[in-house]
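Thank you all for coming; I would like to walk you through one structure this morning, taking a few side chains at a time. Please have a look at it first, and then we can go through it together.

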Amino acid sequence: MAGDKAYGSVDIRTYLQGVGAGLVSPPKRNAKDPELYDKEFYKRRNIVERFFCRLKDFRRVSMRFDKLLSTFEAFVALAAFIIYAS
């Protein structure tokens with residue numbers, strides 16, 4: 001999981017290790033025992049954040065006008081294709 005510094009607490013790291021996931025986030029400044037993290041992987045997480053920001057530009061997605069899950073998922077897929085194609 002790639003998260004920001006807020007997800008760097010010991011409790012969250014312990015939970016993620018318990019379910020078999022890893023956390024890639026920088027430690028908090030006040031961390032007594034800061035853990036190492038993959039800086040290059042952390043830098044690339046903005047690609048996903050920018051995609052979700054572009055996806056929210058489609059008002060129909062951000063306001064969730066569709067009542068059926070299948071219709072909503074279909075429009076999200078269409079919006080993702082439009083973003084990818086542009």
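Glu 40 and Lys 43 both belong to helix H2, which covers residues 39–43, and they are three residues apart, about one turn of the helix. Their side chains meet in a salt bridge, with 3.6 Å from N to O. I should say early on that this is a predicted model, and that every value I quote is computed from it. As for how open the two partners are, Glu 40 is partly exposed, with a relative accessible area of 47%, while Lys 43 counts as exposed because its relative accessible area is 53%, and the limit for that word is over 50%.

How many salt bridges does a search of the whole structure find? The search finds three. Another of them joins the side chains of Arg 45 and Glu 49, at 2.4 Å from N to O, and here Glu 49 is partly exposed, at 43% relative accessible area.

The remaining bridge I want to describe brings Arg 60 together with Asp 66, whose closest N and O atoms are 3.1 Å apart. Is Asp 66 buried or exposed? Asp 66 has 12% relative accessibility and therefore counts as buried, whereas Arg 60, at 34%, counts as partly exposed. Asp 66 sits in the loop between H4 and H5, and, leaving aside residues up to four places away in sequence, Asp 66 touches Arg 60, Thr 71, Phe 72 and Phe 75. For a sense of scale, Asp 66 and Ala 2 are 64 residues apart in sequence and 30 Å apart in space, taken from C-alpha to C-alpha.

Two of those names, Arg 60 and Phe 75, come up again when we turn to the rings, since Arg 60 lies over the face of Phe 75, at 4.5 Å from the ring centre. In a similar way, Arg 64 lies over the face of Phe 72, at 4.3 Å from the ring centre. Arg 64 is found in the loop between H4 and H5, is partly exposed with a relative accessible area of 39%, and has a phi near 55 degrees, which is a positive value in a residue other than glycine.

Let me now come to rings that pair with one another, of which the structure holds two pairs. In the pair of Phe 51 and Phe 52, the ring centres are 5.6 Å apart and the planes stand at 70 degrees, so the arrangement is edge-to-face. Both residues count as partly exposed, Phe 51 at 29% relative accessibility and Phe 52 at 45%. The rings of Phe 58 and Phe 75 have their centres 6.1 Å apart and their planes at 75 degrees, so this pair is edge-to-face as well. This pair links distant parts of the chain, 17 residues apart, with Phe 58 in the loop between helix H3 (46–55) and helix H4 (59–62), and Phe 75 in helix H5, residues 69–85. Phe 58 counts as partly exposed at 22%, and Phe 75 is buried, with a relative accessible area of 17%.

Finally, on the surface, Leu 78, Phe 81, Ile 82 and Tyr 84 form a nonpolar patch, with about 480 Å² of accessible area together. Of these residues, Leu 78 is found in helix H5 and is partly exposed, with a relative accessible area of 43%.

Key:
Residues are numbered from 1 along each chain as its sequence is written. This is a predicted model: local features need pLDDT of at least 70, side-chain atom pairs count only at pLDDT 80 or more; totals for chains, interfaces and linings use all residues. Side-chain values use heavy atoms; hydrogens and water are left out. Rings of Phe, Tyr and Trp (its six-membered ring) pair if their centres lie within 6.5 Å; planes under 30 degrees apart count as stacked, over 60 as edge-to-face and the rest as tilted. Buried means under 20% relative accessible area, exposed over 50%, partly exposed in between (1.4 Å probe, protein chains only). Helices (H or I, at least four residues) and strands (E, at least two) are DSSP runs, numbered from the N terminus. A charge sits over a ring if NZ of Lys or CZ of Arg is within 6 Å of the ring centre and within 35 degrees of the ring normal. Patches are made of residues with over 30% relative accessible area and no salt bridge: like charges are joined within 9 Å, nonpolar side chains (Val, Leu, Ile, Met, Phe, Trp, Tyr) within 5 Å. Accessible areas come from the Shrake-Rupley method with a 1.4 Å probe; for residues, only the protein chains shown count as cover. A salt bridge is a side-chain nitrogen of Lys or Arg within 4 Å of a carboxyl oxygen of Asp or Glu. Contact means heavy atoms within 4.5 Å.
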